[in-house]
Structure formats: C-alpha cells, structure tokens
Amino acid sequence: MNILLLGSGGREHALAWKIADSVLLTKLWCAPGNAGIARVAECVSLDVADHAAVIAFCKANKIDLVVVGPEAPLAAGIVDDLAAAGIKAFGPSQAAARLESSKGFTKDLCRDNNIPTAAYERFSDAAAAKAYIAANGAPIVIKADGLAAGKGVVVAMTVEDANAAVDMIFEGGFGAAGAQVVIEEFMRGEEASFFALCDGEHALALATAQDHKRAFDGDKGPNTGGMGAYSPAPVMTDEMCRRTMDEIIFPTLRAMRARGAPFKGVLFAGLMITDDGPKLIEYNVRFGDPECQVLMLRMMGDIVPALFAACDGQLNHFSLRWFPDPALTVVMAAKGYPGDYAKGTPIEGLDEAAKVEDVEIFQAGTKEEGGRILANGGRVLNVCASGKTVAEAQARAYEAVDRIIWPDGFCRRDIGFQAVERESGV
C-alpha cells in the first residue's frame with residue numbers, strides 16, 4: 001500500500017513514524033517533510049498548496065491513501081480535490097473543516113445544537129467589539145475568527161488589554177484570520193485535549209492529552225502552538241470522556257451531517273473542564289501538535305487500518321488499544337519564538353539524546369545540510385518519553401533534552417507539572 005503524508009512538522013514526523021511501522025505499508029512518501037521524517041519516508045518537494053501537482057504525484061505513484069497533517073490544506077479543500085480525482089484522503093472536506101477555519105461558525109453551531117461552550121458574540125468592527133467588552137468586563141477572551149497557527153487567541157485580564165487585542169487583530173495582527181473577531185466569556189477550570197476519529201456518522205474516542213500553550217514555565221508568557229504535552233490527561237476520567245462524547249462530539253457529528261458536511265477525519269476538541277462538566281473551547285480538524293506525538297507513542301497496533309476505517313465509514317466495527325504507560329513530550333523552540341527567531345542554527349547531540357531509555361525524538365522545524373541538522377522553524381524538536389508514571393516520563397525527556405547541544409534553542413522545564421503534582425499528592 002502506497003501512502004502520501006502531507007506536512008513538515010513534529011506531528012507529521014510522529015505520524016510518519018507510526019505509519020512506517022504498518023504491516024500494510026509498501027512505501028511512504030512525505031511532502032515536504034523534514035530532516036527527521038526523511039529517516040522513515042521519502043521526502044518530496046511538492047507544493048502542498050498546488051492541488052493539481054499533488055494529484056499528479058498521487059496518480060504517477062499509485063497512492064492508495066493521502067494523510068493530511070496540517071489544517072491549512074484542509075481549509076483549502078485539498079480533500080475535496082483529491083476525492084474528485086478518485087484519490088482517498090484522510091481528513092475532512094473544506095466545508096467540514098470550517099469547524100477549525102472559522103471559530104464563529106463553530107460557536108454558532110454550538111449555540112444552535114445546545115453544545116456546551118462559553119458565551120460569545122461575533123464582531124466585524126472594533127467599536128462594537130469594544131462596547132461588548134465594556135458591558136461584560138474582564139477577564140475576557142478575544143479570538144481571531146480564522147486560522148492563526150494556534151496563536152490567534154488573547155486571554156485579556158483587563159479591559160485595556162482586551163481593547164488592545166481587538167485593535168491588534170483588526171489592524172492585521174493575524175492577517176486575514178482577523179477579518180472577524182469572536183469575543184468569549186472567560187471560563188474557569190482545567191484544560192484538556194480530546195480526540196475522536198470520525199467517519200461522518202460514527203466516532204471512536206482516542207486517548208486524551210494535556211497541552212502547555214504558554215511559552216514559559218508556570219504557564220507564563222504568550223500563547224504558542226504548544227510547548228509540550230502529556231497523555232493521558234488525569235482530569236479526563238471515564239465519566240468525563242463519556243460526557244464529552246455524548247454532549248459535544250456526537251451532537252457535532254449530527255449537526256454537520258444535517259448541514260450536508262459530514263465530518264470525516266480526526267476531531268480535536270479543546271476542552272475546559274468546569275464545575276458543570278466539559279465545555280468546548282474550540283475545535284481543530286486534525287491531530288494536535290504536540291499532542292499527536294504522545295498519542296502515537298501510546299497507540300498499540302497499526303494506525304493504517306484506523307485511517308481507512310474513518311475514510312470508509314467503518315468505525316462502528318473498529319477499536320483501538322492504548323499502552324497504559326503515560327507519555328510526555330517537551331518542545332524545543334528557537335530563541336525568540338513565538339516572536340522573531342533565527343533559522344539555520346546547528347543542532348548536535350540528537351543521537352546521544354535518543355539513547356535515553358524509552359525516548360523518541362520527533363523533528364519539526366529542521367533541515368539537513370552538509371550532514372548537519374539545522375533549525376528551520378520556530379518549534380524545532382519534540383523530545384518524547386514514556387514511563388510508568390508521568391514523573392518518570394518527564395525525567396527521561398529532560399535527561400534527553402540535556403544531551404542536546406543547541407545554544408540557540410530553549411524549552412520549558414515544567415511540562416507535565418500538574419500531573420506530576422497529582423501523582424505526588426501535592
């Protein structure tokens with residue numbers, strides 16, 4: 001079986017690593033890939049935004065399945081174009097991808113279908129948005145409506161900060177993503193990441209995870225695409241998972257089917273676990289990054305049949321099993337991220353770091369040049385580990401981090417702290 005994976009980040013390296021282990025695989029390509037992915041797949045310099053070129057490659061190489069990693073190609077309708085050409089693809093249609101590409105669309109869908117989420121309003125001009133902020137006070141959450149690489153959210157603790165966020169977004173701080181603004185109630189609770197494979201009608205819950213969005217220790221600093229994650233999320237008890245499926249996932253699938261846009265692929269619900277139960281913060285329509293990395297470490301068996309079951313409407317006949325041991329990943333990023341950062345800085349010690357017990361290193365923003373690994377993005381490495389406890393996985397991951405020689409990089413030193421505190425009874 002020939003498979004083409006689209007993307008170039010740590011999520012795609014983790015998916016490539018897992019797909020490469022499949023007994024069903026004949027050959028795996030990745031476009032465009034990165035230096036780490038090149039170890040398990042053939043990387044090709046396809047422009048993922050050029051759908052005609054992707055289709056031509058698939059036909060020339062008899063691709064049986066295209067797996068779409070990032071959100072931008074999904075929002076651009078690549079699955080629709082592949083389907084029209086008779087090529088099977090894992091991921092939602094452009095219409096179904098609106099669950100991520102428009103926060104306002106998702107909020108309206110929640111309102112219309114009684115899906116628990118924060119109170120909100122949508123705005124197309126700054127004056128009306130600021131009037132709403134004045135009426136509701138702070139803390140309050142300001143979001144760019146469109147895709148902003150995980151950074152289009154400002155949690156404003158004061159009215160002044162909220163007004164400044166509105167101005168920043170409408171003045172182009174997030175580009176076209178900020179043509180409209182969604183302003184939400186500030187929810188209190190513990191965040192968690194919940195994933196479900198979907199085939200348009202049925203859904204299969206995957207393992208849970210918890211992400212660290214803020215750049216610095218103690219959940220301080222600006223929001224990022226994610227600085228680390230661990231799985232499972234202790235706050236997601238069996239009862240909380242059941243409620244999430246019944247109150248959030250299944251109603252969403254029914255609503256999307258009723259709109260003529262059935263959702264197929266992986267639905268990633270960012271949740272706030274409140275005193276009243278789970279509430280939806282937002283949807284993503286692909287695996288999370290870096291949550292995917294810890295899910296792939298914990299997934300037992302072959303992922304490829306699961307991807308096909310989602311494509312073919314067969315998830316009601318399917319199940320997945322998970323290793324019980326927790327997994328944790330630490331993101332190493334270029335200094336300055338999520339702001340300005342340098343590219344091309346050398347990274348050494350990766351092979352030595354990978355020798356730590358139960359450690360796997362997934363590369364994200366990297367390239368190989370002259371036999372050296374160079375940083376080529378903001379989030380550059382995912383240092384992942386498993387252990388009998390989160391504390392053990394954390395210790396192994398940081399032991400590996402400390403073997404990596406990259407003076408121009410940084411990472412948080414407290415990934416998984418909430419779970420470790422739970423384990424120690426703090």
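Start by selecting Asp219, in the loop between β13 (214-216) and β14 (220-223). Asp219 is not a glycine, yet its phi is positive, at about 55 degrees. Most residues other than glycine have a negative phi, and most peptide bonds are trans. Keep in mind that this is a predicted model.

Two peptide bonds come next. Select Ser231 and Pro232: the bond between them is cis, with omega near 0 degrees. Pro232 sits in the loop between β15 (228-231) and α9 (238-258). Then go to Tyr337 and Pro338, where the peptide bond is also cis, with omega near 10 degrees. Here the loop is that between β18 (327-334) and β19 (346-347), which contains Pro338.

Now turn to the parallel sheet. Select β1 to β5: these 5 strands form an open sheet with parallel pairing, and the order across it is β3-β2-β1-β4-β5. Show β3 (42-43) and β5 (89-90), which stand at the edges; each has a single partner strand, so one side of each has no neighbour in the sheet. Add helix α1 (residues 10-19), which packs on this sheet and touches β1, β2 (27-32) and β4. The direction of α1 makes about 165 degrees with that of β1.

Within the sheet, pick strand β1 (residues 2-7) and strand β4 (residues 65-68), which run parallel and are joined by 4 bridges. For one facing pair, label Leu6, which stands opposite Val68 in β4.

Stay on Val68 for the cavity. The structure holds 1 cavity of 30 Å³ or more, and the volume of the largest cavity is about 60 Å³. Its lining has 13 residues, and those closest to the centre are Val68, Phe90, Val266, Arg286 and Phe287. Colour α1, β4 and β16 (264-274), since each of these elements supplies at least two lining residues. By residue class, the lining of the largest cavity has 8 nonpolar, 3 polar and 2 charged members.

From Phe287, extend the selection to Phe195 and Phe268: ring pairs link these three residues into a cluster. The count of aromatic pairs for the structure is 7.

The antiparallel sheet is the next stop. Select β6 to β9: these 4 strands make an open sheet in the order β6-β9-β7-β8, with antiparallel pairing. At the edges are β6 (120-123) and β8 (153-156), each paired on one side only. From one strand to the next, the twist averages 20 degrees. Strands β7 (residues 140-144) and β9 (residues 181-185) pair over 5 bridges in the antiparallel sense. Label Ile142 and look across to Ile183 in β9, which stands opposite.

Two helices can be added to this view. Helix α6 (residues 103-112) lies across β6, β7, β8 and β9, at about 140 degrees to β6. Helix α8 (residues 159-170) lies across β6, β7, β8 and β9 too, running at about 5 degrees to β7.

Finish at the second largest pocket, which has a volume of about 250 Å³. Of its 13 lining residues, select Leu297, Asp325, Asp358, Ser386 and Gly387, which lie nearest the centre. The elements giving two or more residues to this lining are β20 (359-363) and α13 (390-401). What is the division of the lining of the second largest pocket into nonpolar, polar and charged residues? There are 5 nonpolar, 2 polar and 6 charged residues.

Definitions and conventions. Residues numbered from 1 in each chain as written. Predicted model: local features only at pLDDT ≥ 70, side-chain atom pairs only at ≥ 80, totals over all residues. Heavy atoms only, no water. Pairing = 2+ DSSP bridges. Contact = heavy atoms within 4.5 Å. Axes fitted to C-alpha atoms, helices over the stretch in contact; angles between N-to-C directions. 1 Å grid on protein atoms, 1.4 Å probe; cavity = no way out; pocket = protein on both sides within 12 Å on 5 of 7 lines; lining within 4 Å. Points joined across faces, edges and corners; volume = space filled by probe spheres on them. Nonpolar A, V, L, I, M, F, W, Y, C, P; charged D, E, K, R; others polar. Phe/Tyr/Trp six-rings, centres within 6.5 Å; stacked < 30°, edge-to-face > 60°.
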